[in-house]
Amino acid sequence: MEDALVKNNFITEGHPAPAKNLVLWRPTAKTGLMSWLTTVDHKRIGFLYGISGLFFFLVGGVEALLIRLQLAVPNNDLLTAQQYNRMFTMHGTTMIFLAVMPLFSGFFNFIMPLQIGARDVAFPRLNAFSYWVFLVGAIIINLGWFMKDGPPNGGWFGYAPLTTKAFIPGHSIDMWVMGLQLLGVASIAASLNFIVTIINLRAPGMTMMRLPVFTWMTLFTAFLIVLAFPAITIALVELMMDRLFGTNFFEVSNGGLPILWQHLFWVFGHPEVYILILPAMGVISEIIPTFARKPLFGYPIVVFSGASIGFLGFAVWSHHMFTTGLGTMATAAFSLATMAIAVPTGVKIFNWIGTLWGGHLKMRTPMMFALGFLWLFMIGGFSGIMHAAAPADAQQHDSYFVIAHFHYVLIGGSLFGILAGIHYWFPLMFGRKVSEFWGKLSFWVIFIGFNTTFFPMHFLGLNGMPRRTFTYDSNMGWNDGNLIATIGALILGIGVAIYFSVMIYTYFKGERVGRDTWDARTLEWSLPCPPPEYNFAVIPTVHERDAWWYEKHHQAEIEKEKAAHAKAEDAHGGIHMPFQSIYPILASAGLLVAAIGISVIDANPAPGIHLKLGLVLVGFAVMFVGIYLWSLEGVEGYHIHPDPEKDHAGSPTQEAHK
């Protein structure tokens with residue numbers, strides 16, 4: 001075992017980490033549970049995000065299956081109305097905030113630093129803190145399953161005043177509000193880290209217009225999160241104040257404005273759509289050129305169209321509110337803006353088609369999911385253009401047509417992008433390759449199940465079936481459509497089960513591979529599979545946009561550069577690696593305790609208020625102690641001295657330093 005650890009560069013050879021005054025403990029474990037709890041390695045944090053996202057994706061999928069089983073036949077009583085409300089509230093919240101966003105955060109953490117030639121993100125401990133705060137928020141949102149009030153039942157959109165104390169007096173919404181606030185903290189912390197990393201830690205020669213498209217989409221997504229999340233933060237704080245302290249931001253009888261919630265929510269909510277879809281576009285922009293065997297067609301246009309989507313995403317929020325009586329001028333303005341945002345999206349699609357045109361296509365499993373994304377996202381986009389016309393939207397609003405539209409965008413788009421990315425980067429992450437037969441089988445089952453589930457919903461919506469209804473009568477004409485959709489959901493569930501069963505089997509028993517499994521074009525594929533702790537033995541110099549493709553065709557020149565860089569870096573002490581830290585998870589644990597205490601405080605103090613306030617104070621005390629000790633750690637670390645001739649294959653020596 002020790003030999004294996006040495007080969008994987010995860011063991012310190014007799015150099016204990018020095019401790020500073022007041023820094024209580026410096027963890028040094030490189031394996032086992034403690035190594036994961038204290039890690040600051042961007043790749044491990046990417047794994048943590050990914051595993052958490054996959055877990056909640058399966059939870060959200062079970063919730064979706066229960067919704068579909070309830071609607072399979074008329075007048076079904078599998079779920080009560082209240083249980084149904086809780087189920088679709090938690091399904092929407094889970095899929096958006098706890099599944100898709102952390103799954104893409106996993107890709108951002110693992111792939112982006114490798115693509116720009118960096119050894120880690122700019123702030124490794126802040127990166128760890130962002131994950132642990134995300135996990136705290138996810139726990140708080142789901143605590144309702146274990147409380148007498150049950151999980152929240154006010155809808156994933158949380159429309160006030162339906163979410164005020166008058167309508168939902170328990171603590172389920174308080175937990176939902178507090179959990180979302182913490183998820184916002186985690187997302188903003190991670191996004192600021194990614195922005196600084198991309199701007200400051202690019203390899204020499206990696207100009208902005210040589211960045212891989214996935215890294216560009218990471219940057220745009222990070223800016224969207226930083227700019228959009230303050231709006232939902234304001235809305236959630238106001239709702240919390242109404243519920244806990246009796247203010248009147250949304251209470252109509254006391255002069256509040258419920259429409260204010262909708263504006264604040266959708267000022268966040270529509271950029272959130274692009275927070276979920278831009279990363280998938282980045283994944284597809286890496287996969288299609290690799291398997292078309294040619295560079296991405298129109299790279300600058302793809303980049304600037306991504307920026308345009310991000311900018312225009314803030315100008316279309318009120319197309320969710322066409323039925324609220326905005327007035328003709330506002331409705332016309334937002335209709336035009338919604339039509340305009342389709343242009344850069346269409347441009348991307350034409351660029352992807354242009355890349356495919358004339359290429360030497362290799363129909364591997366990642367390419368299958370990428371083409372599935374392309375087709376399904378186009379269908380979702382076409383129905384989105386229909387909603388841009390306010391008269392049509394007035395008929396389709398709050399109907400199952402809208403359900404079909406955004407599932408084609410968010411599952412056909414975001415989820416297919418995630419599944420494509422997992423297949424594509426799985427060999428890099430784990431050193432094993434997924435079987436093409438089983439991979440393609442899972443694709444076809446998921447593709448067929450998805451379309452069988454959601455395509456009939458277009459017709460259900462046009463036939464007048466409202467969304468968020470827990471049952472229906474047999475004479476409404478919706479029987480066949482709902483039964484087909486439920487059968488499709490079961491097929492989709494089987495496809496997802498096949499997909500993840502194959503992934504788990506591959507992780508343990510799959511075919512081992514070396515570097516550059518797909519003969520790819522970007523820098524992450526220049527590394528061994530899986531990459532070592534320090535990523536690059538020598539920081540690469542980038543000469544062209546497709547940096548790894550250039551290296552493969554100019555090996556003599558690149559080897560000479562690497563030898564010079566390795567000599568210079570070794571003269572400066574070798575590769576600097578940061579120490580692990582216990583304080584990000586300690587601060588997050590304090591935040592968990594404080595957030596639970598705040599969530600269960602009542603507007604009218606009742607017995608037990610002192611215990612609840614004590615819980616809040618203890619939690620904040622632990623959090624501040626964790627942050628204070630974190631600040632005392634400084635930027636200490638240790639040096640690694642890899643053997644550049646073996647290019648990661650050898651056993652580097654490590655020395656601790658201050």
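Begin the tour at Gly 358, which follows helix α10 and has a positive phi, near 80 degrees. Before going further, keep in mind that the structure on your screen is a predicted model.

**Helix α10 and Thr 331**

Now select residues 328-356, the stretch that makes up helix α10. How far apart are the end C-alpha atoms of α10, and does that agree or disagree with the span of 42 Å that its 29 residues should have at 1.5 Å a residue? If you set a distance between those two end atoms in the viewer, you should find 43 Å, which agrees with the expected span.

Within this helix, pick out Thr 331, whose relative accessible area is 15%; because buried means under 20%, Thr 331 counts as buried. Show its surroundings next: leaving aside residues up to four places away in sequence, Thr 331 touches Phe 322, Leu 326 and Ala 390. You can also add His 319, which is 12 residues away from Thr 331 in sequence, while the two C-alpha atoms lie 7.5 Å apart in space.

**Helix α13 and Ser 414**

Move on to residues 400-430, which form helix α13, and find Ser 414 there. Is Ser 414 buried or exposed? Its relative accessibility is 0%, so Ser 414 counts as buried. Turn on the side chain of Ser 414 and follow it to the backbone oxygen of Leu 276, which it reaches at 2.7 Å. Leu 276 is also one of the residues that Ser 414 touches when those up to four places away in sequence are not counted, and the others are Val 100, Phe 104, Ile 277, Ala 280 and Val 409.

**Helix α5 and the loop after it**

Select residues 124-142 to see helix α5, which has 19 residues and reaches 28 Å from its first C-alpha to its last, close to the 27 Å expected at 1.5 Å a residue. If you colour α5 by accessibility, 16 of its 19 residues come out as buried, so this helix is largely enclosed by the rest of the structure.

From there, step to Met 147, which sits in the loop between α5 and α6. With a relative accessible area of 27%, Met 147 is partly exposed, and it touches His 171 and Met 175, again without counting residues up to four places away in sequence. For a long view across the model, select Ala 292 as well: Met 147 and Ala 292 are 145 residues apart in sequence, and their C-alpha atoms are 52 Å apart in space.

**The cavities**

The last stop is the enclosed space inside the model, where the count comes to 5 cavities of 30 Å³ or more. The largest cavity has a volume of about 210 Å³, and of the 22 residues that line it, Met 101, Pro 102, Ser 105, Ser 187 and Ile 225 are the closest to its centre. The elements that give two or more residues to this lining are α4 (81-115), α6 (172-200), α7 (213-245) and α8 (258-292), and α4 gives the most, with 7 residues.

Which classes of residue make up the lining of the largest cavity? There are 17 nonpolar and 5 polar residues, and no charged ones.

Finally, look at the second largest cavity, which holds about 140 Å³ of space. Its lining has 14 residues, and those nearest its centre are Lys 30, Thr 39, Asp 41, Glu 533 and Gln 580. By class, this second lining divides into 6 nonpolar, 3 polar and 5 charged residues.

Conventions
Residues are numbered from 1 along each chain as its sequence is written. This is a predicted model: local features need pLDDT of at least 70, side-chain atom pairs count only at pLDDT 80 or more; totals for chains, interfaces and linings use all residues. Side-chain values use heavy atoms; hydrogens and water are left out. Helices (H or I, at least four residues) and strands (E, at least two) are DSSP runs, numbered from the N terminus. Buried means under 20% relative accessible area, exposed over 50%, partly exposed in between (1.4 Å probe, protein chains only). Contact means heavy atoms within 4.5 Å. A polar contact is a pair of N or O atoms within 3.5 Å; within protein, one must be able to donate a hydrogen and the other to accept it, and residues adjacent in sequence count only if both atoms are side-chain atoms. The expected span of a helix is 1.5 Å times one less than its number of residues. On a 1 Å grid over the protein atoms alone, a cavity is a set of points where a 1.4 Å probe fits but cannot get out, and a pocket is an open set with protein on both sides within 12 Å along at least five of seven lines; lining residues have an atom within 4 Å of a point. Grid points are joined across faces, edges and corners, and a volume is the space filled by probe spheres set on the points. Ala, Val, Leu, Ile, Met, Phe, Trp, Tyr, Cys and Pro count as nonpolar, Asp, Glu, Lys and Arg as charged, and the others, Gly among them, as polar.
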